[in-house]
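Dear colleague,

I am passing on the structure below, together with some notes on how two of its domains meet. Please read the notes with the structure open beside you.

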Amino acid sequence: MVQSEEEVILPKVRCVARARIPTTQGPDIFLHLYTNDRDNKEHLAIVFGEDIRSRSLFRQRIGESQQDRMIRGAYVGKLYPGRVDADVDDRQGLALRFDQAGNLITDHQTTWNGDNDTLIRVHSECYTGETAWSARCDCGEQFDRAGKLIACEREASTGIVGGSGHGVIVYLRQEGRGIGLSEKLKAYNLQDLGADTVQANILLKHPADGRDFSIGKSILIDLGIRNIRLLTNNPEKIEQASHQPLLNCVERVPMVPIHWTHESEGIHSKEVEGYLRTKIERMGHLLQSPLNLHSATQPSNIIV
Ligand SMILES: Nc1nc2c(ncn2[C@@H]2O[C@H](COP(=O)(O)OP(=O)(O)OP(=O)(O)O)[C@@H](O)[C@H]2O)c(=O)[nH]1
Ligand SMILES: [Zn+2]
């Protein structure tokens, strides 16, 4: 029997630290590190907007000092030398309030209104695409683009409405669509031997895509986000993005590869074409492709 969204028990997450990161791109972001009760990974939330507040981080803890709160990042406004009170930034005239149980009282002066349609990317870690300049996939491009879209009001080249400085990239440690980096490297070798990204996973005895995005949902709920505009082409992510009534995907925002609209930009390689073709043809990704699909090319000699 299919469980309703409310019946599905979401993972418990806890934000253990938050820090302001001045970026080379312009805006400060607030990096949040989470633990959870499902795996022992450090999943992250890259938060644009000082006023998007983690309820678990800001909850008051018995016996803690204001200094303790500032050290873990549970402060309002901006830290400066000599500041003594985490919950009051007298330079910006901001003060947090709490209920009897020590939970943050969210008011629009100090805390982002979760009913706003907030631009969100749920992104799975890809070391090769984000750090090793890989042209085998578009993950690194998507990561950068998501940050730019959240920071801007509207993307000039596509007209996509941005986040105007508010939004979240939930960064899940799901390297290799959950199979890890070592297995993904083996998958790459199988792809150089003619398999596609789905066949390679299956030949390594893994599912084509075994990822579960529920920790990402719990993180968004902890950040007080309710209505999300989801940056993705992946129908599975859209499917898993809601958890009524706590989380509601109000819009899917496409991520068309930059090279498809700007010939001289973005990632342009045989490998990334094959990767995108497979995502469209075998994983149902929502991309209208100017690609010549597999049907127009020689079938590979590895069929699974
Ligand atoms: N196993 C495997 N994983 C890959 C391969 N290429 C990229 N990946 C992983 O695929 C995942 C890509 O995740 P995302 O970019 O967040 O999401 P997506 O499923 O591509 O969907 P979008 O939201 O539309 O980008 C990352 O974990 C990558 O490490 C591959 O050839 N094999
Ligand atoms: Zn990648």
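Domain 1 and domain 2 bury about 630 Å² between them, with 35% of that area on carbon and sulfur atoms; buried area here is the accessible area (1.4 Å probe) that two parts lose on being put together, summed over both. Of the area that domain 1 buries against domain 2, 64% is supplied by Arg18, Arg20 and Glu50, more than by any other three residues.

This is a predicted model, in which local features need pLDDT of at least 70 and side-chain atom pairs count only at pLDDT 80 or more, while totals for chains, interfaces and linings use all residues. Residues are numbered from 1 along each chain as its sequence is written, and side-chain values use heavy atoms, with hydrogens and water left out.

The domain bounds, which come from an automatic or database domain assignment, place 13-52 + 113-174 + 212-283 in domain 1 and 58-105 in domain 2. Nine residues of domain 1 are in contact (heavy atoms within 4.5 Å) with eight residues of domain 2.

Across this interface the rule finds zero salt bridges, a salt bridge being a side-chain nitrogen of Lys or Arg within 4 Å of a carboxyl oxygen of Asp or Glu. Four residue pairs are nevertheless in polar contact, both residues at pLDDT 80 or more; such a contact is a pair of N or O atoms within 3.5 Å, where, within protein, one must be able to donate a hydrogen and the other to accept it, and residues adjacent in sequence count only if both atoms are side-chain atoms.

Best wishes

Key. Chains lettered and ligands numbered in written order.
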